[in-house]
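Subject: Handing over the structure

Hi there,

Here is the structure I promised to pass on to you. Have a look at it first, and then read on for what turned up.

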Amino acid sequence: MDTSAKGRAFIRAHEGNPLTCYLDPIGVPTIGPGLTNRSAVVTAMLGKLVPGKTRITNAQGDRVFAAVLDQEVEPAVERGMPGAKQHEFDAASSGGYNLGADRFMGWKWADLWRAGRKREAADYLASHYNTAGGKKLPGLVRRRKEEALLLEKGIYTGIFTAEGVPRTATKERTGPDPVVKEAQEILSAKGFNPGAIDGWMGEKTRAAIIAYQEAHPHLVVDGILGPATLA
């Protein structure tokens, strides 16, 4: 069984596709759609990832993403979810891609699913596995809830609003966008004034993002709020 086109779009919306290597929230070098050297496939295809130096093309990112799913994620999900419906398989592929498929399929949510307690499995998934480096991350909280909704009800949310979707400045007031608001809170706490904490990606927030990017050499200075800068 393969991850569907909608399932792949779901994963990529959360991972994004930065073409220059950056550090994730716990300092792991990452590039493209969430690719790291924790994956043997990534290491074989891209070598050692170096923040600010390793660069790939969109085509390379697509190839490695597909290979990781094919060789590491989908076999583990297929073994761990016999008889899964497509949306259930896609939800598990997303979680496994993000957290390590073999580990993910051995955790309690999967035990509940295999026991036929599917609603409990979704509820457990929605409220767990959302920390990194001992800290609960808003992006992971949202992702687990969206995976749980996909697992239980087959609803693919977040494809256009997840953390991996780049935010650019707009002249017309929009929002509140929870990802932009999260970034504004972080920028403010770190001494980069984004203006009002209102979830709107305006020019003042863009200027604060540029200043933050300039202070971090491994980031591309483009004023765009993407997964690398948010991480």
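Let me begin with a pair of helices: α1 and α4 cross in a right-handed manner. Please keep in mind throughout that this is a predicted model. The axes of α1 and helix α4 (residues 86-99) approach within 9 Å, with a crossing angle of roughly 35°. On the α1 side, the contact is made by Gly7, Phe10, Ile11 and Glu15, and on the α4 side by Asp90, Ser93, Ser94, Tyr97 and Asn98. Sorted by class, the residues of this contact are three nonpolar, four polar and two charged.

Helix α1 (residues 5-15) also has a crossing with helix α3 (residues 58-80), where the axes come within 13 Å at roughly 110°. The two helices, α1 and α3, are therefore roughly perpendicular to each other. Here too the crossing is right-handed, as α1 passes α3. Which residues meet there? From α1 they are Arg8, Ile11 and Arg12, and from α3 they are Asp62, Phe65, Ala66, Leu69 and Glu74. This contact of α1 with α3 has four nonpolar and four charged residues, and no polar ones. If you are following along on screen, Ile11 is worth picking out: this residue of α1 takes part in the contact with α4 and also in the one with α3.

Further along the chain, helix α8 (residues 138-153) and helix α9 (residues 178-189) have axes that come within 11 Å and cross at roughly 160°. An angle over 145 degrees counts as roughly antiparallel, and so α8 and α9 are roughly antiparallel to each other. Their crossing is right-handed. Pro138, Gly139 and Arg142 of α8 make the contact with Pro178, Val179 and Glu182 of α9. By class, this contact of α8 with α9 comprises three nonpolar residues, one polar and two charged.

Now for the pockets. The largest pocket has a volume of about 1400 Å³. It is lined by 48 residues, and the closest to its centre are Glu15, Asp24, Pro25, Asn98 and Leu140. Two of these names may look familiar: Glu15 and Asn98 also belong to the contact between α1 and α4. The lining of the largest pocket has 24 nonpolar residues, along with 12 polar and 12 charged.

What is the volume of the second largest pocket? It is about 280 Å³. The second largest pocket has 16 lining residues, and nearest its centre are Pro18, Leu19, Val220, Asp222 and Ala228. Helix α11 (residues 227-230) gives the largest share of this lining, with three residues. In the lining of the second largest pocket, nine residues are nonpolar, six are polar and one is charged.

I hope this helps you find your way around. Do write back with any questions.

Best wishes

Definitions and conventions:
Residues numbered from 1 in each chain as written. Predicted model: local features only at pLDDT ≥ 70, side-chain atom pairs only at ≥ 80, totals over all residues. Heavy atoms only, no water. 1 Å grid on protein atoms, 1.4 Å probe; cavity = no way out; pocket = protein on both sides within 12 Å on 5 of 7 lines; lining within 4 Å. Points joined across faces, edges and corners; volume = space filled by probe spheres on them. Nonpolar A, V, L, I, M, F, W, Y, C, P; charged D, E, K, R; others polar. Helix = DSSP H or I, 4+ residues; strand = E, 2+ residues; numbered from the N terminus. Axes fitted to C-alpha atoms, helices over the stretch in contact; angles between N-to-C directions. Parallel < 35°, antiparallel > 145°, perpendicular 65-115°, else oblique. Left-handed = near helix turned anticlockwise from the far one by under 90°. Contact = heavy atoms within 4.5 Å.
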